[in-house]
Amino acid sequence: MARYKAPRIMGYIFKALATLFVFGVCGILVWRVFFSTAIPKEIEVLQGNERLSAAYATAGDGLTMQYQELGSITRAPGSMGYFSVVQCVFIPEAEQVQVVFRYNNSTIRHLQEDYKLASLPEKSSHLFDVTLVKTTDLTPNDHNDDLDESTLSSSRIQPTGEPLRAETALYTYYRYVFDGVTVEEITDAVYVDVYYVQDIRYEEKPYGSLLIYAWDEDWIAYKPTRADLDAIKQ
């Protein structure tokens, strides 16, 4: 009788371990999808400044806040999946755009490989230069030539002040504020351009580029939180 108990007990143990493994994998997936990708509290709130506060003082709750759903993650060869914009808010009355920019730990490893760096850069280091590029259509009545770069002009916009920064186990986040950004009928697109800080050559193709505004996409209203409004009023 005893000789039959051992295999049965081993079967129970195996089933228990298999069940724990399945629940463990599910737990990791749930954490990664719902928790690891959440914007950290340190930077989840809109960043107030004098320009934004003045716009709110004038417009009040009528202050426009909007964005476009563009699924902004780098997909070009050479930077596939490196960078993403996880929040972007255009505030026309303040002529301001706020962007939450993100990259994961594997991006740092790719950076080392792409630039043949002797050692892996520290995660805590400031590794990337982030700017906005606004393109203007020189022939706004003819959108058939939008792929022709000769019909577009561009301007680069630097961030206002130092960005807010936060880290999680998997990601590094920055909240950038860009002032002096307007979107008119002749504005073709607005991009977030990313360069490695040791290789900033604006005349060359960026390390990564993310579309945050396109002339033919619809606006979606951004609903500010109470914390957002408190930050704006300061």
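Reader: How many bridges join strand E3 to E7?

Author: In this predicted model, strand E3 (residues 96-104) and E7 are joined by 9 bridges, and the two strands run antiparallel. One pair can be picked out by name: Gln98 has Val177 in E7 as its bridge partner.

Reader: Which general kind of bond pairs strands in a sheet?

Author: Strands of a sheet pair through backbone hydrogen bonds, and the arrangement is either parallel or antiparallel.

Reader: What about E6 and E7, how do they run?

Author: Strand E6 (residues 164-167) and E7 are antiparallel, with 4 bridges between them. Opposite Leu164 stands Arg175 in E7. The connection from E6 to E7 is a hairpin through 3 residues.

Reader: Is E7 mostly covered or mostly open?

Author: Strand E7, residues 171-179, is mostly covered, since 9 of its 9 residues are buried.

Reader: Which residues of E7 point which way?

Author: Tyr171, Tyr173, Arg175, Val177 and Asp179 point one way, while Thr172, Tyr174, Tyr176 and Phe178 point the other way. The residues of both groups are buried. As a general rule, side chains in a regular strand alternate between the two faces of the sheet.

Reader: Changing topic: which residues of helix H3 are buried?

Author: Helix H3 covers residues 105-114, and Thr107, Ile108 and Leu111 are buried in it. These residues lie on the same side of H3, because they cover an arc of only 100° around the axis.

Reader: And what covers them?

Author: The cover over the buried residues of H3 includes strand E2 (83-91), E3, strand E4 (128-137) and strand E8 (187-196).

Reader: Where does Ser106 sit, and is it buried or partly exposed?

Author: Ser106 is in helix H3. Its relative accessibility is 22%, so Ser106 counts as partly exposed; buried would require a value under 20%.

Reader: How far apart are the C-alpha atoms of Ser106 and Gly81?

Author: The C-alpha atoms of Ser106 and Gly81 are separated by 9.5 Å, and the two residues are 25 residues apart along the chain.

Reader: What comes just after H3?

Author: Lys116 comes just after H3, and this residue takes a positive phi of about 50°.

Reader: Back to strands. What is the order in the open sheet of 4 strands?

Author: The order is E5-E4-E8-E9, and the pairing is antiparallel. Strand E5 (152-157) and strand E9 (208-214) are at the edges; each has a single partner strand, so one side of each is left without a neighbour in the sheet. On average, neighbouring strands of this sheet are turned by 25° against each other, direction ignored.

Reader: How many bridges join E4 to E8 there?

Author: There are 9 bridges between E4 and E8, which run antiparallel. Among the residues involved, Lys134 has Val190 in E8 as its bridge partner.

Reader: Now the whole chain: how many helices and strands does it have?

Author: The protein chain has 4 helices and 10 strands. Along the sequence they follow the pattern α-α-β-β-β-α-β-β-β-β-β-β-β-α.

Reader: How much of the chain is buried, and how much area is exposed?

Author: Of the 234 residues in the protein chain, 37% are buried. The chain exposes about 13,900 Å², and carbon and sulfur atoms supply 57% of that area.

Reader: What share of the contacts comes from residues 24 or more positions apart?

Author: Such residues account for 69% of the contacts in the protein chain that have a separation of 6 or more.

Terms used
Residues numbered from 1 in each chain as written. Predicted model: local features only at pLDDT ≥ 70, side-chain atom pairs only at ≥ 80, totals over all residues. Heavy atoms only, no water. Buried < 20%, exposed > 50% of the residue type's maximum accessible area, 1.4 Å probe, protein only. Contact = heavy atoms within 4.5 Å. Areas by Shrake-Rupley, 256 points an atom, 1.4 Å probe, with all protein chains shown as cover. Pairing = 2+ DSSP bridges. Arc of directions from axis to C-beta. Axes fitted to C-alpha atoms, helices over the stretch in contact; angles between N-to-C directions.
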